[in-house]
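Student: I would like a close look at a single part of this model. Please take one helix and go through its charged side chains, then set it in the chain.

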Amino acid sequence: MARKPNYGFERMERDKADAEKAARKAAAKLAKKEAKARGEDVDHPDWAPQSDDADEQA
């Protein structure tokens, strides 16, 4: 017998994934804005925001 689908849970998971995607996009946008304020060439194709790996490992 097939299990009853849990549409509410699936919806919450999709919403959570969408929220995480929006947060990553906002963080990247903020990093680009801050880099531009520091005078970095953010329009260059090789530009990438600095990673926060050093902060996460500390």
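Tutor: What follows is a walk along helix α1, its charges and its end.

This is a predicted model. The protein chain has two helices and zero strands. Helix α1 covers residues 7–38. That is 32 residues, reaching 47 Å from the first C-alpha to the last. The span expected at 1.5 Å a residue is 46 Å, so α1 comes close to it.

Start with the salt bridges. The count for the model is three.

Take R11 and D15. Their side chains meet in a salt bridge, 3.7 Å from N to O. Both residues lie in helix α1, four residues apart, or about one turn of the helix. R11 has a relative accessible area of 48%, so it counts as partly exposed. D15 is partly exposed too, at 39% relative accessibility.

Another bridge joins K16 and E13, at 3.6 Å from N to O. The spacing here is three residues within helix α1, again about one helical turn. K16 counts as partly exposed because its relative accessibility is 44%. E13 is partly exposed as well, with a relative accessible area of 33%.

The remaining pair is R38 and E40. Their closest N and O atoms are 2.9 Å apart, and they form a salt bridge. Helix α1 runs over residues 7–38, and G39 follows it. The phi of G39 is positive, near 95°. R38 counts as exposed, at 52% relative accessibility. The cut-off for exposed is over 50%, so R38 passes it. E40 is at 30% relative accessibility and therefore counts as partly exposed.

Now turn to the positive charge. K21, R24, K25, K29 and K33 gather in a patch of positive charge on the surface. Patch members must have over 30% relative accessible area and no salt bridge. That rule is why K16, which meets E13 in a salt bridge, cannot be a member. R11 is excluded for its salt bridge with D15, because the rule allows none. K21 is one of the patch residues, and its place is in helix α1. At 57% relative accessibility, K21 counts as exposed, because the cut-off is over 50%.

Last, the setting. The protein chain has 58 residues, and buried residues make up 3% of them. Buried means under 20% relative accessible area. The values for R11 and D15, 48% and 39%, are therefore not in that class. The accessible surface of the protein chain comes to about 5,800 Å². Carbon and sulfur atoms hold 52% of that surface.

To put the part together: helix α1 holds the R11 and D15 pair and the K16 and E13 pair. K21 of the positive patch also has its place there, and G39 comes after the helix.

Notes: Residues numbered from 1 in each chain as written. Predicted model: local features only at pLDDT ≥ 70, side-chain atom pairs only at ≥ 80, totals over all residues. Heavy atoms only, no water. Patch = residues over 30% accessible without salt bridge, like charges linked within 9 Å, V, L, I, M, F, W, Y side chains within 5 Å. Areas by Shrake-Rupley, 256 points an atom, 1.4 Å probe, with all protein chains shown as cover. Salt bridge = Lys/Arg side-chain N within 4 Å of Asp/Glu carboxyl O. Lys, Arg positive; Asp, Glu negative; His and termini not counted. Charge placed at Lys NZ, Arg CZ, Asp CG, Glu CD. Buried < 20%, exposed > 50% of the residue type's maximum accessible area, 1.4 Å probe, protein only.
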